[in-house]
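Here is a short set of exercises on charged pairs and a chain interface, each with a worked solution. Open the structure in your viewer and try each task before reading on.

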Number of protein chains: 2
Amino acid sequence: MSDAQTALKRRPTDKEGDERHEAIYRAVSDAIVEQRLKPGARLREDALAEVFGISRTGIRKILQRLALEQLVTLTPRRGASVTRPTAEEAKDVFDARQLIECGLMPDVARRMNAAAAAELREMARQERQALRSGQQSVAIRLSADFHVRLAQLSGNATLAEFVERLCSRSSLILAVYGHRGHLGCESHDHDDLIGYLETGNGERAKAFMSRHLKAIEASLSMVEEEENVPDLQQIFGV
Amino acid sequence: MSDAQTALKRRPTDKEGDERHEAIYRAVSDAIVEQRLKPGARLREDALAEVFGISRTGIRKILQRLALEQLVTLTPRRGASVTRPTAEEAKDVFDARQLIECGLMPDVARRMNAAAAAELREMARQERQALRSGQQSVAIRLSADFHVRLAQLSGNATLAEFVERLCSRSSLILAVYGHRGHLGCESHDHDDLIGYLETGNGERAKAFMSRHLKAIEASLSMVEEEENVPDLQQIFGV
DNA sequence: AAAGGAAATGCTGTATACAATAAATAGCAT
DNA sequence: ATGCTATTTATTGTATACAGCATTTCCTTT
């Protein structure tokens, strides 16, 4: 066996293993958020273990984490699949975002500075660019990142984590109930928001965020997806 | 081997296993929330596995879940220990509770009915009784349960789950920064709150909840626990 | 031919064995 | 005696083997 093969087969040390785990978690999480893995898609442990070159043990750990974040659904003896949010869950998520993200705007405005504003503008720019070049998956992810970064700037790590979870789930909701080609966030909304925050106008930013989120929610078509077991009577007219 | 021993040694079927896992999770979670397991306490996998009669595999799953809920801290190669919240985390948690729990009060008031009010009054009664009979651990748990049930009555499962997490962490915070014999919640506060909610006075309930949470936070002494490595220079005056 | 059931297969849940590393301790040198 | 290093011990991280349910497939029966 050559040295290269030996190196490849070498059991990774634990620190490397931790980083690898985190990388795999993010790979799966990103794939879900970017909608490359669509709601309902099954995630078999063996398949994932083979793709990423680790054993099922590590995969299970990652799937459990994703399940607690409600990105995947774990049904006993059936395994994991990408969560298909219900209409009720969608309402809850957007109501929660209204409460939390809007409530954070005054704090964010208070703590805003030039460096943070520049960072946000760069993120908004990348998002617009992705949208222009038709990379919808990337744009969805960047949009979620923008909202999360905003929450982090409030200084409250706990609430920022909540927002992170809500944004991930929002991506799933958009995948199921959103219209094709409509991203949810208007391309210039984020830039406008930065403007209000830069001038320290927290209340105005709060109101704007509220309209922004309402606009996203309103762009959804809240018809429940057809079940896998179609109602034949209805389809064929009795 | 007798039949009884055979029955005991029998590998539990999977459904039984699931219930058992949930029971163990709640046993550990309750012990932490009720402060029978104090912050900093180490949770060795072998010890837990033996106590509950399952293998380390199941224990690890439970510990990971508790870690994601930030009730236990998982340090690589060192294992699990009950989380010792920092002063900053404590501030974040109570700020988050201010935002979320207060924000939910109008919804709760709108959805309040006789059955719900009766249930809440019963919970408040049990809490008072536990406090009177000196069962501080039980009282802490019942107080957290009250806040969680309240959030659930808002109808938003997502936000209710967030409140559940925040209340659990609040118990840890009280364990570290609270004064002995002072529970945080005043005994009659919860009853007063139910009154406002029963009359549909959401705004008044919101204001009351805000004062209630502020009072709990104010009762904490925010001095960081002494470190294991004391600052000798300061202690001995240079 | 359709429906019901039984065998077979696929996949997950659990335990256990083994590898790796961090902490503790003892021994050695200065 | 103190500080450093090596060995031992305790504990976690990972893989794998095996057991059990769910689903599918094929055969039998009506």
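**Exercise 1. A pair between two helices**

Is A:Glu22 buried, partly exposed or exposed? Then find its salt-bridge partner and work out what the pair ties together.

Solution. Keep in mind as you work that this is a predicted model.

Step 1: The relative accessible area of A:Glu22 is 36%. Partly exposed is the range between 20% and 50%, so A:Glu22 is partly exposed.

Step 2: The side chain of A:Glu22 forms a salt bridge with that of A:Arg65, at 3.4 Å from N to O.

Step 3: Because A:Glu22 lies in helix H2 of chain A and A:Arg65 in helix H4 of chain A, the pair ties together parts 43 residues apart in sequence.

Step 4: A:Arg65 also counts as partly exposed, with 26% relative accessibility.

**Exercise 2. The interface of chains A and B**

Describe how chain A and chain B meet, going from the totals to single residues.

Solution. Step 1: Begin with the contacts: 26 residues of chain A touch 26 residues of chain B.

Step 2: Turn to the area. About 2200 Å² is buried between the two chains, and carbon and sulfur atoms give 54% of it. On the chain A side, A:Asp92, A:Leu99 and A:Phe162 lose the most area to chain B, together 24% of what that side buries.

Step 3: Count the polar links. Between chain A and chain B there are two salt bridges, and eight residue pairs are in polar contact, both residues being at pLDDT 80 or more.

Step 4: Assign the chain A side to its elements. Those giving two or more residues are helices H2 (14-33), H4 (56-68), H5 (87-111) and H8 (157-177) of chain A. H8(A) provides the largest share, eight residues.

Step 5: Sort that side by residue type: ten nonpolar, six polar and ten charged.

Step 6: Look at a salt bridge across the interface. The side chains of A:Arg165 and B:Glu161 meet at 3.2 Å, N to O. This pair runs from helix H8 of chain A to helix H8 (residues 157-177) of chain B. A:Arg165 is buried at 10% relative accessible area, whereas B:Glu161 is partly exposed at 26%.

**Exercise 3. A buried pair and a network**

Which parts of chain B does the salt bridge of B:Glu34 and B:Arg141 tie together?

Solution. Step 1: The two side chains meet at 3.6 Å, N to O.

Step 2: B:Glu34 sits in the loop between helix H2 (14-33) and strand S1 (42-43) of chain B, and B:Arg141 in helix H7 (residues 136-152) of chain B, so the link joins parts 107 residues apart in sequence.

Step 3: Check the surroundings: both B:Glu34 and B:Arg141 are buried.

Step 4: Now move to chain A, where salt bridges with shared partners connect A:Asp30, A:Glu34, A:Arg36, A:Arg141 and A:Asp145 into one network.

**Exercise 4. A charge without a salt bridge**

What does the side chain of A:Glu127 contact, given that A:Glu127 has no salt bridge?

Solution. Step 1: Locate A:Glu127 in helix H6 (residues 114-132) of chain A.

Step 2: Side chains of opposite charge can pair when their charged atoms come close.

Step 3: A:Glu127 is buried, and its nearest side chain of opposite charge, A:Arg128, is 7.6 Å away. A salt bridge needs a distance within 4 Å.

Step 4: The side chain of A:Glu127 does have a polar contact, at 2.9 Å, with the side chain of A:His190.

Technical notes:
Residues are numbered from 1 along each chain as its sequence is written. Chains are lettered from A and ligands numbered from 1 in the order in which they are written. This is a predicted model: local features need pLDDT of at least 70, side-chain atom pairs count only at pLDDT 80 or more; totals for chains, interfaces and linings use all residues. Side-chain values use heavy atoms; hydrogens and water are left out. Contact means heavy atoms within 4.5 Å. Buried area is the accessible area (1.4 Å probe) that two parts lose on being put together, summed over both. A polar contact is a pair of N or O atoms within 3.5 Å; within protein, one must be able to donate a hydrogen and the other to accept it, and residues adjacent in sequence count only if both atoms are side-chain atoms. Helices (H or I, at least four residues) and strands (E, at least two) are DSSP runs, numbered from the N terminus. Ala, Val, Leu, Ile, Met, Phe, Trp, Tyr, Cys and Pro count as nonpolar, Asp, Glu, Lys and Arg as charged, and the others, Gly among them, as polar. Buried means under 20% relative accessible area, exposed over 50%, partly exposed in between (1.4 Å probe, protein chains only). Lys and Arg count as positive and Asp and Glu as negative; His and the chain ends are not counted.
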